[in-house]
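I record below what I looked up in this structure. The entries concern cores, a helix pair and a loop residue.

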Amino acid sequence: MKLLLTGDEAIARGAWEAGVRHASAYPGTPSTEILENLATYDEIYAEWATNEKVAMESAIGASMAGVRSMASMKHVGVNVAADPLMTFAYMGVNGGAVIVTADEPGMFSSQNEQDNRNYAKMGKIPMFEPADSQECLDMMKEAFRVSESFNSIVMVRMVTRVCHSKSLVECGERVEIPVKEWKKDPMKYVALPAHARILRPQLDERTAKLAVYSEDCPFNHEEINVGAKIGVIASGVSYYYAKEVFGETASYLKLGFTNPLPADLIRGFAAKVETLYIIEEDDPYIEEFVQRLGIACHGKDTFPTYGEMTPDVLRRSLGLDGGAQVEFDHSLIIKRPPSLCAGCPHRGLFFRLGKRKDIMISGDIGCYTLAAGAPYNAMDSTVCMGASISVGHGAQKAFNRAGIKRKVVTVLGDSTFFHTGVNSLINTVYNNSNTINIILDNRITGMTGHQQNPGTGFTVKGEPTNMIVIEDLVKALGVKHVKVVNPNDLAEVDAALDAFMDLDEPSVIITRWPCVLKKFSQADLAEFPGLFADKDAVDPEKCIGCKLCQKTGCPALIFDDETRKVSINQADCVGCGVCAQVCPKQAIAKVEM
């Protein structure tokens, strides 16, 4: 059976065919769709974990219990999961275990461009790099076989183009793998230093055996074009980019199993060509290995050290575009920065925060990071998931000890709070900080496409579950000053901020209103009566064209240069009422629908 699948869909299908029974993940582009598709298979227990470390640990536990398991995440998520991952690499598996990392060359939706192949090298973890959807499926099946054959967790390194591109995939049937017996084995599973010192040499022994496997792995193979003097070594999707540029003028060594790398295969291939290029995205991972073999090659001396190695990038680097480059006139592009949606519950809050003086706003990862730009200019830092509270705490302590009267306000979303914000808030409470901490509870994980989280009341499979009530949780952590506000009510937002501005203790404001794009549950409709029932409209007779309403950042507000009036696109408006509250002439009012 052939299906047209994205790489993420094929990863999920491959895991299902391989007999996986347990999958855990935290959503993050470009990996999100892996677990969403895994959740459609009844044979697989699938869960959204609170963060990537927890997802990795959940998969480790399932492997120990004897079932094939996996964890998936975007590349920065492996930073969070690295602690259990590096130790599990020592322990080895019972049921086969795979971690899927989705890297982001080009940083389309990420705060950095790290190359997670380095994690495989550091942890001595066998690694596959699929180039298309068919390989995603095939390599997942092989990864579980390798995991159990070599007693090791296996890494599958994806990149954005492979995750989201579609191609035809020859699919098979599921193979049911019996649950392996769990046996007490403290030497293997209890990570004491005395045990780890015994396990450490076994890593090198395993790596030596994997190096032999790498030489004969079917995913590492040559494509020799007779008479070609150019040779290209490439992994992942870079192989297809290279073939599009060089065609039959080059021979190729395609590497799909890339840790450990096949030294003899590389030596043999290099001897067949005169000029050798290494084409890979991000770090010179393969290039440095080839150089250590004493083989002359061109890699990052020719191609960019960052970004995607797409065919146009390769051609420019090689000067293959017929001489002078035709520069595109970027002034022809109409600049359209991303913006918060019409009716987004974050807009009212950031509109008010941006008006405050003498505050520092410590932000986080989510849709709301857009508040850093115009028209809000209401975010002064963003580091990583859950960092807003910790960074804000550090800044507040520094200001206080220096005698600087400046309040630090931290902002993060509900899913981000559950991810790593809880620990940060504990640290703030424990160390007697006095930050104002705002949790944006829009009842969903918004930025990555509306995944469930511990505060939504549903699992990834849509099954009802216990809902974590944020205000109850923060009070249990020791926060005495807690307010829940409607972020669309600007007066309510101001009152909460004013009440906490001079406190010498930590405080929490929870802005609670559902994401405008969310599929509302019956619980939502009951909790928020009249949800988006009416819309707003502008009375052109009263409008003076001051544009103050547009400073709320709502894309539904349109200014007409000829009439010098503002109107509201009724197709976009959801009647949140924020614009009406800032209009100095009361020119905006509700209209019944």
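I looked up the nonpolar cores, taken as sets of buried Ala, Val, Leu, Ile, Met, Phe, Trp, Tyr and Cys residues joined through side-chain atoms within 4.5 Å. The largest has 61 residues, and Met70, Phe128 and Ile279 have the most contacts inside it. Buried here means under 20% relative accessible area (1.4 Å probe, protein chains only). Helix α6 contributes the most to this core, with eight residues. I noted a second, separate core of 59 residues, which includes Met379, Val409, Val479 and Leu497.

The model is predicted: local features need pLDDT of at least 70, side-chain atom pairs count only at pLDDT 80 or more, and totals for chains, interfaces and linings use all residues. Residues are numbered from 1 along each chain as its sequence is written, and side-chain values use heavy atoms, with hydrogens and water left out.

I then checked Ile279. Residues up to four places away in sequence aside, Ile279 touches ten listed partners, among them Val232, Phe246, Phe303 and Leu314, contact meaning heavy atoms within 4.5 Å.I next examined α1 (residues 7-17) and α6 (residues 133-150), whose axes come within 7 Å and cross at roughly 30°. Helices are DSSP runs (H or I, at least four residues), and strands are runs of E of at least two. Axes are lines fitted to C-alpha atoms, for helices over the stretch in contact, with angles from 0 to 180 degrees between N-to-C directions. The two helices, α1 and α6, are therefore roughly parallel (angles under 35 degrees).

Finally, I located Ser152 in the loop between α6 and β7 (154-159). Ser152 is buried, at 0% relative accessible area. Neighbours within four places in sequence aside, Ser152 contacts Val93, Ala97, Pro126, Ser147 and Arg206.

Definitions and conventions. Angles under 35 degrees count as roughly parallel, over 145 as roughly antiparallel, 65 to 115 as roughly perpendicular and the rest as oblique. Buried means under 20% relative accessible area, exposed over 50%, partly exposed in between (1.4 Å probe, protein chains only).
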